[in-house]
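Here are some exercises to try with a protein structure open beside you. Have a go at each task before you read its solution.

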Amino acid sequence: MSTAVAQKRGLGAAIWDYLTTVDHKKIAHLYLYAGGLFFLIGGLEAMIIRIQLMKPDNNFISAGLYNEMITMHGTTMIFLAAMPLIFALMNAVVPLQIGARDVAFPFLNSLGFWLFLFGGLMLNVSWFTGGAPDAGWTNYAPLSTTSPGHGVDYYVMGLQISGAGTLIGGINFLVTIVNMRAPGMTYMRMPLFTWSVFVTSTLILFAFPALTVGLFLMMFDRMFGSAFFDVGLGGNAIIWEHLFWIFGHPEVYILILPLFGAFSDIFSTFSKKRLFGYSAMVFATVLIGFLGFMVWAHHMFTVGMGPIANSIFAVATMAIAVPTGIKIFNWLFTMWGGQIKMTAAMLWSVAFIPSFTIGGMTGVMLAAAAADYQYHDTYFVVGHFHYVIVGGVVFGIFAALHYWWPKMFGIKLNEKLGKLAFWPFFVGFHLTFFIQHFLGLMGMPRRYWVFLEGQGLETGNMISTVGAFFMAIGTLIFVYNVIYSAKKEKKADGDAWGTGRTLEWAIPSPPPHYNFVQTPLVRGLDPLWVEKMDGKEGMTPAEPLGDIHMPNASFLPFMMSLGTFIAGFGFIYQVDNKAWLIAVFAGMGILLGSMLVRSVKDDLGHHIHKEEIEEDIKKGVAK
Amino acid sequence: MAYNSKPAHHEEYQRKQHREEMKHQVLTFALMILFTFIAFGMVIMEVDTYFIIPTLIILAIVQVAFQLYYFMHMKNKGHDMPALMMYGGAAVALLTIITFTTLIWW
């Protein structure tokens with residue numbers, strides 16, 4: 001009902017609808033739009049970096065601007081592109097896969113998104129107010145604590161705000177997956193994507209507080225004269241590195257695990273087979289999550305922790321290759337003997353396996369602490385983490401978007417254009433980053449503005465830059481595909497790929513805003529497939545047809561996030577002029593006032609009546 | 001007949017359960033007060049510091065466990081997930097503390 005009304009009411013009403021929505025499917029759209037935009041911005045920054053490094057002694061951009069570019073490229077891609085795109089997938093899919101009508105805390109879901117968006121906007125405002133952060137995405141002290149201007153202050157406040165949003169989102173999905181599974185869906189019947197989101201959310205819950213603490217210490221050092229990281233006053237700069245990587249290493253698993261889950265679903269759907277070694281996959285996911293907390297110091301082998309600490313972290317790091325290897329083989333065995341359909345989603349997934357494995361192997365090389373003294377801070381490291389992040393996370397996001405696009409928007413992405421986008425991106429990716437391993441071994445340090453002539457680095461860098469342009473072409477074709485498909489593609493079926501196995505394919509594409517007319521009864525792993533094998537059309541309901549209770553939309557999350565945004569500027573500029581404290585008080589006033597309104601005003605949600613649902617069923621928008 | 005007998009049984013069972021629960025609560029409460037007296041007593045009597053610090057920490061851990069398991073019902077069924085999360089979080093926090101006390105030189 002609500003979608004039909006929204007379409008009739010025009011643009012203003014549609015915008016208001018998105019500003020106030022607590023529907024997980026619309027919040028998924030918001031995360032996708034915002035994350036996509038930041039992905040393009042981060043990509044643009046990457047292109048500028050590659051153009052600067054195209055030839056020796058280039059002066060395309062100045063050294064200072066180059067530092068800002070590398071810092072913002074890393075920060076944007078990790079925090080503002082990869083994270084929200086993953087949250088887009090989580091929001092779009094998890095409630096549907098577990099047979100729920102929404103997440104556990106719809107209001108918090110919306111708050112999480114708006115906090116992330118305002119945090120991201122704040123970071124990018126810094127371009128226009130005298131310089132972006134320039135201390136690298138890792139923001140090591142004392143470089144960051146002594147960086148002039150307000151760039152690093154923007155980093156601190158922006159990440160603090162968007163980090164709060166991520167933490168809220170993570171907790172929300174934990175509670176959702178623990179409490180809102182449909183009857184019969186035990187833990188060991190959850191689809192692998194839901195499982196990996198569960199583990200990811202746990203990692204978010206445990207890892208983000210370390211970042212929050214680190215950012216608070218940094219904030220007090222830079223804005224309020226404390227000296228946590230100032231060696232001259234008895235502080236210790238290494239504290240930042242530890243706090244950052246205690247968060248930072250689990251963060252890379254936060255990025256990759258959900259896409260491991262997505263690949264698992266994609267491989268089994270398009271191979272028309274159940275996932276090979278389901279319980280081993282679950283075990284491997286949990287083990288990666290667990291080990292992810294034991295290895296952060298492998299980023300700091302050269303800090304001088306001593307041979308014992310280095311050895312422990314080296315061995316723990318290499319151990320992660322075991323569960324990851326289990327996963328790689330299980331995906332291969334899932335495809336083995338299956339009826340493989342090479343869709344665009346499958347193409348990205350198949351390409352992911354060798355690409356990610358190369359990244360994994362260089363990871364084990366880097367984990368050898370003694371050898372790391374050679375690799376550290378060279379382009380070898382840059383090559384390694386782009387192989388895992390682009391070859392794993394970005395390929396995964398493209399695969400998952402192709403796969404779930406019909407569920408999110410009701411139309412498939414054009415398959416031809418999808419494959420056309422894949423090839424330049426795939427070729428460009430290997431051109432860009434494979435050669436960087438060798439540049440690193442030849443001694444090219446990362447984060448340097450220029451390299452010199454006659455050191456044998458010219459050809460490699462040129463190849464790398466050419467590859468980057470191929471990746472840009474691939475991305476642009478994908479963006480064109482999105483627009484093209486929205487205009488030309490026809491409506492997708494509920495079970496859009498015909499071989500759907502999990503609950504999300506049991507309902508129409510896109511689902512009605514209450515998702516399931518009747519909560520489904522889950523009778524096994526791959527619940528829809530179980531029903532199909534029993535010759536049934538759809539799921540067996542677990543409840544009679546009745547009124548459905550849904551949460552109300554609310555504008556308060558937007559206002560609360562706006563409050564923190566305003567207060568953030570106040571914190572940054574009160575160093576220059578105490579009058580800016582007014583912004584702190586005003587922003588906090590908006591935040592606390594909104595929270596007060598939320599506490600005082602009862603919001604009991606609304607009911608969708610049985611008659612309306614029956615009408616929806618007749619129209620075919622609900623099932 | 002069958003209607004009446006079952007709830008009666010049930011009620012008796014529940015009453016017994018509650019009595020048991022109450023006994024546990026009072027017992028742990030008494031123990032917690034005792035622990036608090038011991039803690040204060042040791043400090044007042046100026047017992048050796050090397051003895052007092054570990055003892056206080058152990059008493060504190062036991063008290064937290066009592067609080068969580070008996071007063072906040074973590075010993076009852078259906079608390080596996082909160083327990084898992086709390087122990088997980090405590091483990092990560094402990095790891096951080098170990099790092100900061102052993103790995104970082106000052």
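**Exercise 1. Sort the residues that line the second largest cavity into nonpolar, polar and charged.**

Keep in mind that you're looking at a predicted model.

Step 1. Get the list of residues. The lining is made of A:Tyr31, A:Phe79, A:Met83, A:Pro84, A:Phe87, A:Gly112, A:Phe116, A:Gly165 and A:Thr166.

Step 2. Put each one in its class. Watch out for glycine, which counts as polar here, while Tyr and Pro go with the nonpolar residues.

Step 3. Read off the result: six are nonpolar, three are polar and none is charged.

**Exercise 2. Which elements give two or more residues to the lining of the second largest cavity, and which one gives the most?**

Step 1. Start again from the lining, which includes A:Phe79, A:Gly112 and A:Gly165.

Step 2. Match the residue numbers to the helices. Three elements of chain A turn up with two or more residues: helix H3 (63–97), helix H4 (106–125) and helix H6 (151–179).

Step 3. Pick the top contributor. That's H3(A), with four residues.

Step 4. Add the volume to your picture: about 50 Å³ of space lies in this second largest cavity.

**Exercise 3. Describe the largest cavity: its space, its lining and its main contributor.**

Step 1. How do you find a cavity at all? Rolling a probe the size of a water molecule over the atoms shows where empty space is left.

Step 2. Count what turns up. There are three cavities of 30 Å³ or more in the structure, and the largest holds about 100 Å³ of space.

Step 3. Look at the walls. The lining has 14 residues, and those nearest the centre are A:Leu192, A:Asp265, A:Ser268, A:Thr502 and A:Asp526.

Step 4. Find the main contributor. Helix H8 (residues 238–271) of chain A gives the most, with four residues.

Step 5. Sort the lining by class, and you get seven nonpolar, four polar and three charged residues.

**Exercise 4. What kind of residues and atoms make up the contact between chain B and chain A?**

Step 1. Count the residues: 13 of chain B are in contact with 22 of chain A.

Step 2. Check the buried area. It comes to about 1400 Å², and carbon and sulfur atoms give 84% of it.

Step 3. Sort the side of chain B that touches chain A: nine residues are nonpolar, four are polar and none is charged.

Step 4. Look for salt bridges between the two chains. The count is zero. Residue pairs in polar contact, both at pLDDT 80 or more, also come to zero.

**Exercise 5. Where in chain A do the cis peptide bonds to A:Pro142 and A:Pro510 lie?**

Step 1. Check omega. It's about 0 degrees between A:Ala141 and A:Pro142, and near -15 degrees from A:Ser509 to A:Pro510.

Step 2. Place the prolines. A:Pro142 sits in the loop between H4 and helix H5 (143–146), and A:Pro510 in the loop between helix H16 (458–488) and helix H17 (527–533).

Step 3. Look along the loop between H4 and H5, where you'll also find A:Asn139. Its phi is near 55 degrees, a positive value in a residue other than glycine.

Methods. Residues numbered from 1 in each chain as written. Chains lettered and ligands numbered in written order. Predicted model: local features only at pLDDT ≥ 70, side-chain atom pairs only at ≥ 80, totals over all residues. Heavy atoms only, no water. Contact = heavy atoms within 4.5 Å. Buried area = accessible area lost by both parts, 1.4 Å probe. Salt bridge = Lys/Arg side-chain N within 4 Å of Asp/Glu carboxyl O. Polar contact = N/O pair within 3.5 Å; in protein donor to acceptor, adjacent residues only side chain to side chain. 1 Å grid on protein atoms, 1.4 Å probe; cavity = no way out; pocket = protein on both sides within 12 Å on 5 of 7 lines; lining within 4 Å. Points joined across faces, edges and corners; volume = space filled by probe spheres on them.
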